Structure formats: structure tokens, C-alpha cells
Amino acid sequence: IKHNKKRQVEILDAKTKDKLCFLDKVEPNATIGEIKSMFHKSHPQWYPARQSIRLDPKGKSLKDEDVLQHLPVGTTATFYFRDLGAQISWVTVFLTEYAGPLLIYLMFYFRVPFIYAPKYDFTTSKHWVVHLACMCHSFHYVKRLLETLFVHRFSHGTMPLRNIFKNCTYYWGFAAWMAYYINHPLYTPPTYGEQQIRLALTVFLFCQIGNFSIHIALRNLRPPGSKTRKIPYPTKNPFTWIFLLVSCPNYTYELGSWLGFTLMTQCLPVAFFTLVGFIQMTVWAKGKHRSYLKEFRDYPTLRSPILPFIL
Amino acid sequence: MSAPAMGTSKTAHSDSSNKKKKGPGTLATAYLVIYNVVMTAGWLVIAVGLVRAYLARGSYHGLYYSIEKPLKFFQTGALLEILHCAVGIVPSSVVLTGFQVMSRVFLTWAVTHSVREVQSEDSVLLFVVAWTVTEIIRYSFYTFSLLNHLPYLIKWARYTFFIVLYPMGVAGELLTIYAALPYVQKTGLYSITLPNKYNFSFDYHTFLILVMVSYIPLFPQLYFHMMRQRKKVLGHVEEYSKVE
């Protein structure tokens, strides 16, 4: 057992094995996070978020919370460093990728010049469903922005910078594509008229509330500032009872919202967006479901990743 | 980019020295040998057809019509290769193979077949010849590899001919798409206009232009990938023959 003897830490480049940094007199109860800060001082271009510190050059990254004396290292610890590349915070990415669709859709809704023929500039659609669709779409993205700021608790602080370009292209691109047709002067309203729109709106609102309920439930699972993971369970809120059947009901409700919006607008690009989103969310849901199963022995067996009993 | 269909560097019929991966089973191997032999024969038929038609007519023009049917049959047949990857008897990427085969099939059916007016263009001959020579070499390469008896000549041809055939094929494809543009615009081929029930529109003319533009980033990447493969595959032999 090593008593409170100060340690030494050397950090090598994982690829070249060059000695990048040597730290003297490190407290045994220092965390990886603190070591990252010390490393940052000697290499200011590598801020902690872009450092991957590991025991083995090809191994998994150590967590910021890991404590030096609990790691399988001697009095002189050797760590390997990999640069994760420029990082950007999740919050920044979310805000940017959601603000885009909100504003872009409105540009099409208000028929800003150079989108449609000049005679339509700044005119409004004569179909009331188009106004409703704008409200729903805008509400959806405002909700997302507010959730990013006030509800979500992120396990990772940052993601690679290139993700913001990929994600924004996806969200902004699809928003423009959908908005173009819905707000087009030649837009055709849904075949079954008011009945169809009313059903669609009900589905949409139900799923928006459902999705929000799940986000709140997930937030409450995790105390502020912590990164603990627990099994989510149904709460008093009926919208969370879906946890009995599904691991990621937030994605289930999200799919439902977009199905509602597709039905409301009867617009093929919206259907495509819903499909692509569904595929991506299914991939995420399956991954999350698998990690729940791996982490928790007593994970409820009735649950499916995203669609009850199906997927 | 479909001119000489690239096929990724890792194929079941790998010519590199590390055969750590368990290849396809005996049944799968037998099937693949038959598949590749049939494809080699098919493209040979097309090659022979081109030569005979040229000798008979005495000119390069309109040779497409003499090989139209086998071209459609064997090029479309290549869709099976996507299945081979998906099932796992060929260790190439489904996405990459899919992309390559689909681009060939697109040119065969959605451009050349659909726009009758381009069928008499010389650019069609340009890519047909490029595809034919490439596919004969590629499918015989796979056949011999599967039988573990790959003549160096075939390996050399596969990693050398593309240097000329690939740009040649790309040129033929681009010129053909370009030639199709005015007819597509005039007839509104495969295009959907507003208003309609599903609030969707598609302009095939614009789409074809975007396809042409996409060659700019894609072609160099695929071409230089093959160049790097060439150095890797053929480079070894040169090293062995040099005595330090």
C-alpha cells in the first residue's frame, strides 16, 4: 500500500512515445482532470477537453474523475497522450444546430426575397395549415433550445469541432428543404383537410409533451454536476409510463412528433426527414439500450430500445 | 466515379500477403468463381461484339446498339456484388461497392437508356470501351485470386490499366451526361413539378448537373486511392528484385 508519498507523472505521446511532460510532486489523490490541467500549463495549445490520457497507447481514455493512486501505476506513472483535435462544447453545438432551423424556416414562412418568384415576396400563405405548421415547427425548436439551456445534463462537455459542420448541414439543410415546400405559393393542403390536420396536431402536441416529460425525468435521475448513470423508471407523470416498454422514449416521442408534422403538412420532404431521423435515433437507441444492459444486471427485460416490442 | 469499377483494396481475393481473414466457405468460393467467370465471359462478349461491329461498319459511330443488350445485362448483374458484401462472402464495404455499382447502373439506365438521343454519341463508346477492358481484367483477377493462382500479368494489368482507363471512362461519362442535358430539360424527363398532392418537386436536369459536379471531389480521391494501392501491391515486387 502506497502511503501519502508524492508521485511523479510522465506523459508520453501515444504515437511517437516522445516525452511530452514530466510532473513532479503530484499528490496521490490527484485526479486525471487535475493532471490534465497541469499538462495544459506546459502545453497551452492542448486544453484539457482535447486531451485523451490513457494507460496504454492504444487503450481507452481515462476518465477525469479517476484518481491517480487507484490506477495500476507505480510511484512514477506513465501515461500516453492523444490529441482529440479541436473541441467544441455540446451546448454550443446544440444551440447552433437548433437556432438555424428556427430562423431558416421563418425566412421561408415570411417569403423573404430570392426564394420564390418576386411577386410573392413578403406575402403570406392563404392556407391556415401553413400558419399552424410554422407555429409547430418554431415551437419545436424553441423547446429544444430551452431544454439545451435549462434541462439537459450532458455527460460529455465537448465533441470534436467537425461535428458542428456535419450536424448543422443536416439540420439546416433539411429545415430549408421542408420549409421551401410548405411555404410555397403552390403548396397543396392535406387531402383530408381539417380532420387530418386536427389528428396530426393532437399527435404532435402529445409527443411534444411526452418528449419534454422524458427529458425532465432523465434530468432528475442525475444530481447537478454529476455524471452518474441510473436506470430510468416511470414516474407519476403518465407520459413517462412508456419507460415500462422502451429504453429511449425520448426518441419514440420525437418520432411521433415528426410523424404528426408529416401528417399535418402532407409533405414528402418532411417524411424523408422523419425517416432519416428515425434511422439515426434507432442506432442511438440500440446503443444506449446495449450499454444499459451491460451496465445494469437487473435491467428490465420487457424494454425495447425505441419501439415497444418491435425495435 | 464508375469508369474502371474500383473495388476496394480489401477483397476476398486479396493479393496482399496477410491472409489472416478467414475467406468464404467452399460453397461460397465455388459460387464466386462461377460468378466471376460468367462476368468475365460476359464482358468478353461485349468486347468481341464491339470489335465485330466496328469491322462490319468500318466506323466508330453507333457501336452502342450492337452491344446494348449484353451491356445492360452484365452491368446490371453487378448489383449482385452488393449482395456479396452484405452477406459477407466478399470482405468489401457494402457502401463503397454499392456506390460504385449504382453509379454504373445509373449511367447505363438513367442516362444512356433513357435519353435515346445520346446513344449515338461517341462519348458512349468512350466509357463503354473503358468499362469493358476494366471489367475483363477485374473479373479475371478475382477468378484467379479465388483459385489461388494469380498470374502476375493480371495483377499488373489491374493496377496499371486504370491509369488510362479511369480518366477515359470519366470523360466518356461526363460527356454523355452533358449531351443528355438539353433533351432532359426539353422533355422534363423524370421530373416532378408543383403543385401536387405530396408537395414535392424534382428537377432531373439540375440533378444531372449536380451529378457532374460531384465528379470533381470524388474522381481525384478514387484515382489517387488506386495509385496508392498500386504502389502498395506492385511496389513489393520491385523491392524484392532490388538487391541492396
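# Cores, loops and spans in a predicted two-chain model

User: This is a predicted model, so let's start inside. Which residues have the most contacts inside the largest nonpolar core?

Analyst: That core has 50 residues. The ones with the most contacts inside it are Trp43(B), Leu50(B), Leu71(B), Val128(B), Tyr139(B), Ile177(B) and Leu208(B).

User: And which helices of chain B each supply at least two residues of this core?

Analyst: The contributors are spread along the chain. They are α1 (26–57), α2 (64–77), α4 (94–113), α5 (122–146), α7 (162–187) and α8 (204–241) of chain B.

User: Which helix gives the most to this core, and how many residues is that?

Analyst: Look to α8(B) for that one. Its share of the core is 10 residues.

User: What does Ile177(B) touch, leaving out residues up to four places away in sequence?

Analyst: Ile177(B) is among the residues with the most contacts inside the core. Leaving out residues up to four places away in sequence, its partners are Leu107(B), Val111(B), Leu208(B), Val211(B), Met212(B) and Tyr215(B).

User: How many residues are in the second, separate core?

Analyst: This one draws on both chains, since Tyr109(A), Cys134(A) and Phe273(A) are in it along with Leu194(B). The count is 33 residues.

User: What pattern does chain B follow along the sequence?

Analyst: Chain B has eight helices and zero strands. Read from start to end, that gives α-α-α-α-α-α-α-α.

User: What share of chain B is buried?

Analyst: Being buried takes a relative accessible area under 20%. Of the 244 residues in chain B, the buried share is 47%.

User: Among contacts in chain B between residues at least 6 apart in sequence, what percentage join residues at least 24 apart?

Analyst: Here the pool is contacts between residues at least 6 apart in sequence. Those joining residues at least 24 apart make up 78%.

User: How much of chain B's accessible surface belongs to carbon and sulfur atoms?

Analyst: The accessible surface of chain B totals about 12800 Å². Carbon and sulfur atoms account for 69%.

User: UniProt lists a "transmembrane region" feature at several spans of chain B. How far apart are the end C-alpha atoms of residues 32–55?

Analyst: Residues 32–55 are one of the spans in that unreviewed entry, and residues 204–224 are another. In the model, residues 32–55 of chain B are 100% helix and 0% strand. Residues 204–224 of chain B are also 100% helix, with end C-alpha atoms 30 Å apart. For residues 32–55 the end C-alpha atoms lie apart by 35 Å.

User: Over to chain A. Which element there has the highest mean pLDDT?

Analyst: Chain A has a mean pLDDT of 92, with 98% of its residues at 70 or more. Strand β2 (residues 19–26) of chain A has the lowest mean among its elements, at 88. The highest, at 97, belongs to helix α6 (residues 249–265) of chain A.

User: How far apart are the C-alpha centres of the two domains of chain A?

Analyst: Chain A is divided into domain 1 (7–85) and domain 2 (88–295). Their C-alpha centres are separated by 39 Å.

User: How much strand is there over residues 8–83 of chain A?

Analyst: An unreviewed UniProt entry places the feature "domain: TECR-like N-terminal" at these residues. The chain is 14% helix over this stretch, and its end C-alpha atoms are 22 Å apart. The strand share is 34%.

User: Is Tyr180(A) buried, partly exposed or exposed?

Analyst: Tyr180(A) sits in helix α4 (residues 162–182) of chain A. It touches Phe108(A), Ile115(A) and Tyr116(A), not counting residues up to four places away in sequence. Its relative accessibility is 26%, so the class is partly exposed.

User: Where is the residue that follows the cis peptide bond from Leu194(B) to Pro195(B)?

Analyst: That bond has omega near -5°. Pro195(B) is in the loop between α7 and α8 of chain B.

User: Why does Phe114(A) count as exposed?

Analyst: Phe114(A) is in the loop between α2 (90–109) and α3 (128–150) of chain A. It has a positive phi of about 80° although it is not a glycine. The cut-off for exposed is over 50%. Phe114(A) counts as exposed because its relative accessibility is 85%.

Conventions. Residues numbered from 1 in each chain as written. Chains lettered and ligands numbered in written order. Predicted model: local features only at pLDDT ≥ 70, side-chain atom pairs only at ≥ 80, totals over all residues. Heavy atoms only, no water. Core = buried A, V, L, I, M, F, W, Y, C linked by side-chain atoms within 4.5 Å. Buried < 20%, exposed > 50% of the residue type's maximum accessible area, 1.4 Å probe, protein only. Helix = DSSP H or I, 4+ residues; strand = E, 2+ residues; numbered from the N terminus. Contact = heavy atoms within 4.5 Å. UniProt positions renumbered as here; feature names shortened; annotations may be inferred. Areas by Shrake-Rupley, 256 points an atom, 1.4 Å probe, with all protein chains shown as cover. pLDDT = per-residue confidence, 0-100. Domains from an automatic or database assignment.
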